[in-house]
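Visitor: I am new to this structure and should like to learn how to read it. Might we begin with a single contact and work outwards?

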Amino acid sequence: TMSKKRMAPVQPYRYSAKSGSKTHRVHDTPADMVAAEALRQRLNHLQALYQLTAALSQAHALDEIYAAALAGLHRALGIERASILLFDADGVMRFKAYRGLSEAYRRAVEGHTPWTPDSPNPQPIVVGNVREDPSLASYAAVFEAEDIAAMAFIPLVSLRRVIGKFMLYYAVPTELAADDIQLATVIASQVAFAVERTRAERQARLSEERLRFALDAASMGTW
């Protein structure tokens, strides 16, 4: 009679990304899946920062910077509603760009800021539930109408001065992870630098035009 041979159990396998060969493995553990998700998010963050840096380097106008910033926040953090506000010459912080906000909301909260231009070492402020923050109680009806339950204030800082802020808005109470806050802060730093660079370039052009006009006027006067 023929002897029966015991078959070895088939091991789960996956294809190697480099060689295309099959490599055996055990089933992913919960810790493996958490690590894989963390790696995926980190790669997504790096890609978003790369795309933002590329867009900012090609921007020649403030509106282009604002659009790149809002797009970068959306790609990196999945934010559907956000805004950029800057201090104007009169010291009032005003909306410069936004996504998903009504005109009524913008009118109601424009000018509000937790910082002044001279605020030392400004840090991000996360309000996980706007209903529980007494400093925002006067805006309760506005938040309710706009379906805002949580928000984050991210300062825009240039040369140790606050020039504005990012606002991130959430429809449900939310506590941002430390990595998300750090990423938003990095984006804010890049945008603040781009804004100040563009402003300086515009001021230089205006100064050059005024000088040329003055020289032309003087030349005509002595002709």
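Guide: Let us begin with a polar contact: the side chain of Ser83 meets the side chain of Tyr169 at 2.8 Å. Please keep in mind that this is a predicted model.

Visitor: Where does Ser83 lie, and is Ser83 buried or exposed?

Guide: Ser83 belongs to strand β3. Its relative accessibility is 0%, so Ser83 counts as buried. Beyond its neighbours within four places in sequence, Ser83 is in contact with several residues, including Leu70, Phe95, Leu101, Phe166 and Tyr169.

Visitor: How should one read the sheet, and in which order do its strands run?

Guide: One follows the pairing from strand to strand. Here 5 strands make an open sheet, ordered β4-β3-β7-β6-β5, with antiparallel pairing. At the edges are β4 and β5 (residues 125-127), each of which pairs on one side only. From one strand to the next, the twist averages 20°.

Visitor: Over how many bridges do β3 and β4 pair?

Guide: β3 and β4 are joined in the antiparallel sense over 6 bridges. As one example, Phe87 has Met93 in β4 as its bridge partner.

Visitor: Which residues does Leu101 touch?

Guide: Leu101 is located in the loop between β4 (93-99) and α3. With residues up to four places away in sequence not counted, it touches Ala82, Ser83, Phe95, Arg106, Glu146 and Tyr169. Leu101 and Tyr169 are 68 residues apart in sequence, yet their C-alpha atoms are 9.4 Å apart in space. Leu101 has a relative accessibility of 8%; it therefore counts as buried, the limit being under 20%.

Visitor: How does one read aromatic pairs, and how many are there?

Guide: One considers the distance between ring centres and the angle between ring planes. The count comes to 3 aromatic pairs. In one of them, the ring centres of Tyr105 and Tyr169 are 5.9 Å apart and the planes stand at 90°, so this pair is edge-to-face. Because Tyr105 is in helix α3 (residues 103-109) and Tyr169 in strand β7 (residues 161-170), the pair ties together parts that are 64 residues apart in sequence. Tyr105 is buried at 3% relative accessibility, and Tyr169 is buried at 4%.

Visitor: What is the geometry of the pair formed by Tyr139 and Phe143?

Guide: Tyr139 and Phe143 form a tilted pair, with 6.1 Å from centre to centre and 35° between the planes. Tyr139 counts as buried at 18% relative accessibility, as does Phe143 at 4%. Tyr105, Tyr139, Phe143 and Tyr169 together form one aromatic cluster.

Visitor: How should one approach a nonpolar core, and which residues of the largest one touch the most other members?

Guide: In soluble globular proteins, nonpolar side chains tend to be buried together. In this structure the largest nonpolar core has 35 residues, and Phe166, Leu168 and Ile187 touch the most other members. At least two residues of this core come from each of α1 (30-58), α2 (62-77), β3 (81-87), β6 (150-158), β7 and α5 (178-222).

Visitor: With which residues is Leu168 in contact?

Guide: Setting aside neighbours within four places in sequence, the contacts of Leu168 include Leu73, Leu77, Ile79, Ala152, Ile154, Leu176 and Ala184. Apart from the largest core lies another core, of 19 residues, among them Trp115, Phe143, Val162 and Tyr169. This brings us back to Tyr169, whose side chain makes the polar contact with the side chain of Ser83.

Notes: Residues numbered from 1 in each chain as written. Predicted model: local features only at pLDDT ≥ 70, side-chain atom pairs only at ≥ 80, totals over all residues. Heavy atoms only, no water. Phe/Tyr/Trp six-rings, centres within 6.5 Å; stacked < 30°, edge-to-face > 60°. Helix = DSSP H or I, 4+ residues; strand = E, 2+ residues; numbered from the N terminus. Buried < 20%, exposed > 50% of the residue type's maximum accessible area, 1.4 Å probe, protein only. Core = buried A, V, L, I, M, F, W, Y, C linked by side-chain atoms within 4.5 Å. Contact = heavy atoms within 4.5 Å. Pairing = 2+ DSSP bridges. Axes fitted to C-alpha atoms, helices over the stretch in contact; angles between N-to-C directions. Polar contact = N/O pair within 3.5 Å; in protein donor to acceptor, adjacent residues only side chain to side chain.
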